[in-house]
Amino acid sequence: MSQKVAVLGTGKIGEALLSGMIRAGWAPADLLVTARRPERAEELRARHGVTPVTNAEAAKTADTLILTVKPQDMGTLLDELAPHLPAGRLVISGAAGIPTSFFEERLAPGTPVVRVMTNTPALVDEAMSVISAGTHATAGHLSHAEEIFGAVGKTLRVPESQQDACTALSGSGPAYFFYLVEAMTDAGILLGLPRDKAHELIVQSAIGAAVMLRDSGEHPVKLRENVTSPAGTTINAIRELENHGVRAALIAALEAARDRSRELASGNS
């Protein structure tokens, strides 16, 4: 862990990654950060002991660069990095929808690029990070990316052709669950519960269900059937969900998210 790692465009996810890496054993002295605002960079130095640098300095000195800027800003950042970045440095992209070829075309020939789609549960060390290799990335590069992102959750390797689907399911996934909790909380209020009690009931039920899905090894259909007794309350609720096309709506929503990821990859903002 003595290699220098730079996080460029350090927002909430970037800071969560820094914090997780430090807890996992990286020395703050080996971690570099860039930020658009100088006061943000100083805030990161004060909070984590990391070193603020410019993008050019990061390109010259870091062994691994993690690019966490917004997709629409990535081209400008690469133009800034390219004159200073040796071909052997590992570049990890956290930008949704941008393929590794976008980076390979703009950086020195042979530059290893790894594409990672993580999600906001990185803020609580429960991220799902999906990792794909570019043309010049080796198994060692993928392992290094896994080591970094494993500090804030789980990692999974997939072919890059599956990244848009993973973005739809996992990258955007937390928002779907937040949306569902919001709707269920409103339902609880409609049924006569105070908002705080409805929220607590739903959140703990969601946590318990998630742990059962993770740890039981059972198929979700089996777990659902275990709650669904004949002519009971649950089956009546499930019938209404099916009558309103909730399953079909979820499938259509994820297809829309995948399609938007493809649009971002093609340069459509």
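Trainee: Is Thr167 buried or exposed, and how do I read that?

Mentor: Look at the relative accessible area, where buried means under 20%. In this predicted model, Thr167 has a value of 8%, so Thr167 counts as buried.

Trainee: Where does Thr167 sit, and what does Thr167 touch?

Mentor: Start with the element, then list the contacts. Thr167 belongs to helix α7, residues 163-171. Leaving aside residues up to four places away in sequence, Thr167 touches Ala96, Met117, Ser172 and Ser261.

Trainee: Which other residues of α7 are buried?

Mentor: Along with Thr167, the buried residues of α7 are Gln163, Asp164, Cys166, Ala168 and Ser170. Next, ask about their cover: it includes strands β6 (113-117) and β7 (127-133), plus helices α8 and α12 (246-265).

Trainee: You mention α8. What span should helix α8 have, and what does the model give?

Mentor: Here a little arithmetic helps. Helix α8 covers residues 173-190, which makes 18 residues, and at 1.5 Å a residue the expected span is 26 Å. The end C-alpha atoms of α8 are 26 Å apart, so the model agrees with the expectation.

Trainee: Which residues of α8 are buried, and where do they fall around the axis?

Mentor: First pick them out: Gly173, Pro174, Val181, Thr185 and Gly188 are buried. Then look down the axis of α8: the buried residues fall within an arc of 115°, so they line one face of the helix. Tyr179 and Leu190, on the other side of α8, are exposed. The cover over the buried residues of α8 includes α7 and α9 (195-215).

Trainee: At what angle do α7 and α8 pack, and which residues make the contact?

Mentor: For a helix pair, read the angle and the distance together. The axes of α7 and α8 lie 5 Å apart, and the helices pack at about 35°. From α7 the contact uses Ala168, Leu169, Ser170 and Gly171, while α8 brings Gly173, Pro174 and Tyr176. Sorted by character, the contact residues are 4 nonpolar, 3 polar and no charged.

Trainee: What comes just after α8?

Mentor: Check the backbone there: Gly192 takes a positive phi of about 105°.

Trainee: Which UniProt feature is placed at residues 160-264?

Mentor: Treat a record as a label, then see what the model shows over the same stretch. An unreviewed UniProt entry gives "domain: Pyrroline-5-carboxylate reductase dimerisation" for residues 160-264. In the model, this span is 82% helix and 0% strand, and its end C-alpha atoms lie 15 Å apart.

Key. Residues numbered from 1 in each chain as written. Predicted model: local features only at pLDDT ≥ 70, side-chain atom pairs only at ≥ 80, totals over all residues. Heavy atoms only, no water. Helix = DSSP H or I, 4+ residues; strand = E, 2+ residues; numbered from the N terminus. Buried < 20%, exposed > 50% of the residue type's maximum accessible area, 1.4 Å probe, protein only. Contact = heavy atoms within 4.5 Å. UniProt positions renumbered as here; feature names shortened; annotations may be inferred. Expected span 1.5 Å × (residues − 1). Arc of directions from axis to C-beta. Axes fitted to C-alpha atoms, helices over the stretch in contact; angles between N-to-C directions. Nonpolar A, V, L, I, M, F, W, Y, C, P; charged D, E, K, R; others polar.
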